Amino acid sequence: MDSKVKSYSLIVSLLITLPLSVTAHHSMSEFDRSVIEEVEGVVSQVSWKNPHVLLELINTDENGAEQVWYLEGAAVSSQRRKGLTGDEISVGDEVLIAGWPSPRRDNYIQGNHVLLPDGVELLVGGAREPRWATETLGSDRNVFDPELVTAATGNGIFRAWSQGPGMAWFFTGRSNYQLNEAAATAVAEWDDIADNPIMECIGPGMPSLMGNPYPMEFAQVGDNIELRFEEFDSLRVIHMGDNVADPETIPPSKLGYSVGRWEGETLVVDTSRISWHYFNRSGAPQTPNVRVNERFTVQENGNRLEWIMTVDEPATLAEPFVFEGHFIWKPGEEIHPYECELEEWASTGN
């Protein structure tokens, strides 16, 4: 690493970020994306766990004083799909990265490129091209390749589905729903670090659960249908046929009580009795009066699942909100354990 790079004076390490379209844990707005810093340092601790990778690094400033930095990356679930396991970096490694600093937290940064001691560059986050090296790891494997997909062979809806492009817009507050004045005020006061339960390994409730960036799987279990999510190991039960109870007799829960029926090839799901306090992932509030209707329809070629969601929540929305999105089938995709866990030392960086 040459003297020009060392003159940047800071430290950093490996972290992994996601493109905006799949960022789910907290807002990328924390980081100053107009500034790219190149820094180096020695890795002193590694937390390679969901909900995000976090590294502790040590460096010295120009006066010889020791500095400690905390470096955040995306969830392990994202790293896995980029072919990164955490074995690529070890305590004691001196690394060079390029990334975005946080104006809100001292000694906190998010990286896009990581140069390892052996000269291999990890392409992390939204990076598609290397910054320094010719040998790279971590190219985005989570890109839909139509040439890999063949027609479905009778599985219909019952398989693992990945989020299609643009699906995160609603859940990160960038869609076209209209909040009433009180809800808009709550969003303006929302602190995506201090107020976000996801940062404490508390998985979201309905309907914001549906904005997760990782695969979900429909499974037939007896007469009911289970909707299994990798994110936070969440599980929705869709009650079908004779297994349907009067929703008013069911205690509220953060995922609510879902009742399903088939209308031809479309699975229609109505969910009520939701106790989760947030309409989206940006602090818009909701009450137990919220009602969610979903329509899932597999396209004829079996490779795309159309999804229409209608949310009726007068306490938050000026009018019912209709969101249309889709999921895609990626052959070989599986649901993996999420196992969110916070380490005590890692929390000091938050």
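These legends go with a set of close-up views of one predicted model.

Residues are numbered from 1 along each chain as its sequence is written. Because the model is predicted, local features need pLDDT of at least 70 and side-chain atom pairs count only at pLDDT 80 or more, while totals for chains, interfaces and linings use all residues, and side-chain values use heavy atoms, with hydrogens and water left out.

**Figure 1. The whole chain, with its five helices and 16 strands.**
Helices (H or I, at least four residues) and strands (E, at least two) are DSSP runs, numbered from the N terminus. Of the 350 residues, 51% count as buried; here buried means under 20% relative accessible area, exposed over 50%, and partly exposed in between (1.4 Å probe, protein chains only). The chain exposes about 15700 Å², and carbon and sulfur atoms supply 48% of that area. Accessible areas come from the Shrake-Rupley method with a 1.4 Å probe, and for residues only the protein chains shown count as cover. Among contacts (heavy atoms within 4.5 Å) with a separation of 6 or more, 62% are between residues 24 or more positions apart.

**Figure 2. Confidence along the chain, given as pLDDT.**
The predictor's confidence in each residue, pLDDT, runs from 0 to 100. The chain averages 82, and 82% of the residues score at least 70. Please read residues 1-24 with care: their pLDDT is below 50, although this stretch has 98 contacts in the model beyond near neighbours in sequence. Residues 148-154 also have a pLDDT below 50, with 13 contacts beyond near neighbours in sequence.

**Figure 3. Strand E16 and its two antiparallel partners, E8 and E15.**
Two strands pair if DSSP finds at least two bridges between them. E15 (residues 304-312) runs antiparallel to E16 over eight bridges, and E8 (residues 160-163) pairs with E16 in the antiparallel sense over two bridges. Look for Ile-328 in E16: Ser-162 has Ile-328 as its bridge partner, and Arg-304 stands opposite Ile-328 as well. Six of the eight residues of E16 are buried, so this strand is largely enclosed by the rest of the structure.

**Figure 4. Ile-335, in the loop that follows E16.**
This loop runs between strand E16 (321-328) and helix H5 (344-347). Ile-335 counts as partly exposed because its relative accessibility is 26%. Not counting residues up to four places away in sequence, Ile-335 touches Ala-160, Pro-215, Met-216, Glu-217, Arg-228, Phe-229 and Glu-230. Pro-215 is 120 residues from Ile-335 along the chain, yet their C-alpha atoms are separated by 6.2 Å.

**Figure 5. The one disulfide of the structure, joining Cys-201 to Cys-340.**
A disulfide is a covalent bond between the sulfur atoms of two cysteines; the cut-off used here is a pair of cysteine sulfur atoms within 2.5 Å. In this pair the S to S distance is 1.9 Å. The link of Cys-201 and Cys-340 is left-handed, with -75° about the S-S bond. Cys-201 sits in the loop between helix H4 (181-189) and strand E9 (216-221), and Cys-340 in the loop between E16 and H5, so distant parts of the chain, 139 residues apart, are linked. Cys-340 counts as partly exposed, at 22% relative accessibility.

**Figure 6. A salt bridge between Arg-131 and Glu-38.**
A salt bridge is a side-chain nitrogen of Lys or Arg within 4 Å of a carboxyl oxygen of Asp or Glu. The whole structure holds 16 salt bridges. Here the two side chains meet at 2.6 Å, N to O. Arg-131 lies in the loop between strand E6 (121-123) and strand E7 (136-137), and Glu-38 in strand E1 (residues 37-47), 93 residues apart. Arg-131 is partly exposed at 36% relative accessibility, whereas Glu-38 is buried, with a relative accessible area of 11%.

**Figure 7. Two salt bridges with buried partners, Arg-281 with Glu-231 and Glu-294 with Arg-236.**
The closest N and O atoms of Arg-281 and Glu-231 are 3.0 Å apart. Arg-281 lies in the loop between strand E13 (266-272) and strand E14 (291-298), and Glu-231 in the loop between strand E10 (224-229) and strand E11 (235-239), so this pair ties together parts 50 residues apart in sequence. For Glu-294 and Arg-236, the closest N and O atoms are 2.8 Å apart. Because Glu-294 lies in strand E14 and Arg-236 in strand E11, their salt bridge ties together parts 58 residues apart in sequence.

**Figure 8. A network of salt bridges.**
Arg-80, Arg-81, Glu-230 and Glu-333 are linked in this network. Glu-230 is also among the residues that Ile-335 touches.
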